[in-house]
Amino acid sequence: MTVIDFEALKQPDYDIQALRAEFPILQRRVNGQPLVYLDNAATSQKPLAVIQAMDDYYRNTNANIHRGLHTLSQEATDAHEEARGKLQRFINAASHKEIIFTRGATEAINLVAQSWGRANLKAGDQVLVSMMEHHANIVPWQQLREQLGIEIKVIPILDDGSLDMAVYQQLLTEKVKLVAITQVSNALGSVNPITQIIKEAHDQDALVLVDGAQAVPHQAVDVQALDADFYVFSGHKMYGPTGIGVLYGKEALLEAMPPWQGGGDMIDIVTFEKTTYAGLPHKFEAGTPAIAEAIGLGVAADWMLDLGLGKLAAWEHSLLHYATEQMQAELPGLRILGEAPGKAAVISFVLEGAHAQDLGLLTDQLGVAIRTGHHCAMPVLHHLGVDATARASFAAYNTLEEVDIFVAALKRVREMLL
């Protein structure tokens, strides 16, 4: 067992109390207890900067974009496109044209499947996914299998929850046209070797789509350095609003792809005989977009960069190690699913004699919010022999004291159930 220097973990490399004060929801009480929020892998809380930016848009700028000459429309358009530039810088895309706003990572994957996939795949072509994928990176490819007759091959995992790279290399044949894989598992916390995965896929002339929904909240991402063909993520997991996310795609790929949805703002000229389409990125953004949400997401990206992604990641790993050791020491019958080296700050677990749902309901009575269930990752949980787990996941604002409260709550619940 790793020995943790608890004295070195006392504080992160930033003023955590000042940071917590930026999150209004952390001041509330739940069931008479101070809120301990450990459900960050599902959605993170939002700082005042994000809330105020969205409020300011609705109070002072609210208008549709790209279509009006009046002042409010011009201001709204500028704010929306400024947000696109912030996301470009956040992941180091080569051009703002490579940043497509979507409703989230799920819609972004579906866009690639139904636009790039339908245009480029045929019966017998293979798409590789991993055992640990979120349902959002499984179901769209199954739908494409039904539509086109493609094949889906699954990369297994090792006992510790890490990807079986030897089998990946065996599966990577000339039939594989796309590897669709998560960078960080939402259920296990496993961090996949994405740079190696992409290089080996490209060596076989396959493209790679990376689900970065659980990666961008916790680490710096450089899509050019990764050489990812497509990269998707959601705003609500990275201190931003719900209902907004990003599809990054290499410009040449996006240029060649047909639009996925038709309507306003994605057109150039419309007649009853023929329609021509707008250029990137608007070709893939039909209809009135989530303007306030895009603005909020841009502010969230800046907030994370200002905090320092390295500082954030270091503190989350300290929380992970501390929580893991405390749980192992204080909770007999504990089983943690996913113990891959270098994993993200996620602990999925089962406790002997306690159903995951009971753990979630009873810890909530003590003010502690954790996630229970299959985490939209049924295949990997079934592979590991469980139907559901409890999951604690950490963010920049969590503290060691909250870990202690969480572990104490689990001990009380365990005593109640046994």
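Which residues form a nonpolar patch on the surface? I267, V270 and Y277 do, with about 260 Å² of accessible area together. Patches here gather residues with over 30% relative accessible area and no salt bridge, joining like charges within 9 Å and nonpolar side chains (Val, Leu, Ile, Met, Phe, Trp, Tyr) within 5 Å. The areas come from the Shrake-Rupley method with a 1.4 Å probe, and for residues only the protein chains shown count as cover.

Before going on, a word on the source. This is a predicted model, in which local features need pLDDT of at least 70 and side-chain atom pairs count only at pLDDT 80 or more, while totals for chains, interfaces and linings use all residues. Residues are numbered from 1 along each chain as its sequence is written, and side-chain values use heavy atoms, with hydrogens and water left out.

Back to the patch: V270 has its place in strand β11 (residues 267–270). Helices (H or I, at least four residues) and strands (E, at least two) are DSSP runs, numbered from the N terminus. With a relative accessible area of 52%, V270 is exposed; buried means under 20%, exposed over 50%, and partly exposed in between (1.4 Å probe, protein chains only).

## A covered strand

Strand β10 (residues 245–249) offers a contrasting picture. Five of its five residues are buried. On one side lie G245, L247 and G249, on the other V246 and Y248, and both faces are covered.

Strands pair if DSSP finds at least two bridges between them. Strand β4 (residues 99–102) runs antiparallel to β10 and is joined to β10 by four bridges, with F101 opposite V246. Strand β9 (residues 230–234) is also antiparallel to β10, and five bridges join the two; here S234 stands opposite G245.

## Aromatic contacts and helix α10

A pair of aromatic rings is described by the distance of the centres and the angle of the planes. Rings of Phe, Tyr and Trp (its six-membered ring) pair if their centres lie within 6.5 Å; planes under 30 degrees apart count as stacked, over 60 as edge-to-face and the rest as tilted. The structure holds nine such pairs. One of them is F23 with W303: the ring centres are 5.5 Å apart and the planes stand at 85 degrees, so the pair is edge-to-face. This contact links distant parts of the chain, since F23 is in the loop between α1 (16–20) and β1 (29–30) and W303 is in helix α10 (residues 291–307), 280 residues apart.

Both partners are covered: F23 counts as buried at 0% relative accessibility, and W303 is buried with a relative accessible area of 10%. Together with Y239 and Y397, F23 and W303 form one aromatic cluster.

Helix α10 itself is largely enclosed by the rest of the structure, because 13 of its 17 residues are buried. Its end C-alpha atoms are 25 Å apart, which agrees with the 24 Å that its 17 residues should span at 1.5 Å a residue; the expected span is 1.5 Å times one less than the number of residues. Just after α10, G308 takes a positive phi of about 105 degrees.

## Salt bridges

A salt bridge is a side-chain nitrogen of Lys or Arg within 4 Å of a carboxyl oxygen of Asp or Glu. By this rule the count comes to 15, and the table shows some of them.

| Acidic residue | Basic residue | Closest N to O |
|---|---|---|
| E402 | R20 | 3.2 Å |
| D229 | K250 | 3.2 Å |
| E330 | K411 | 3.0 Å |

The salt bridge of E402 and R20 joins distant parts of the chain, with E402 in helix α14 (residues 400–417) and R20 in helix α1, 382 residues apart. Both E402 and R20 are buried.

D229 lies in the loop between α8 (223–226) and β9 and K250 in the loop between β10 and α9 (251–256), so this pair ties together parts that are 21 residues apart in sequence. D229 is buried, with a relative accessible area of 3%, whereas K250 is partly exposed, at 23%.

E330 lies in helix α11 (residues 309–330) and K411 in helix α14, so their pair ties together parts that are 81 residues apart in sequence. E330 is partly exposed, with a relative accessible area of 34%, and K411 counts as partly exposed at 30%. Salt bridges that share partners also join D39, R371 and R391 into one network.
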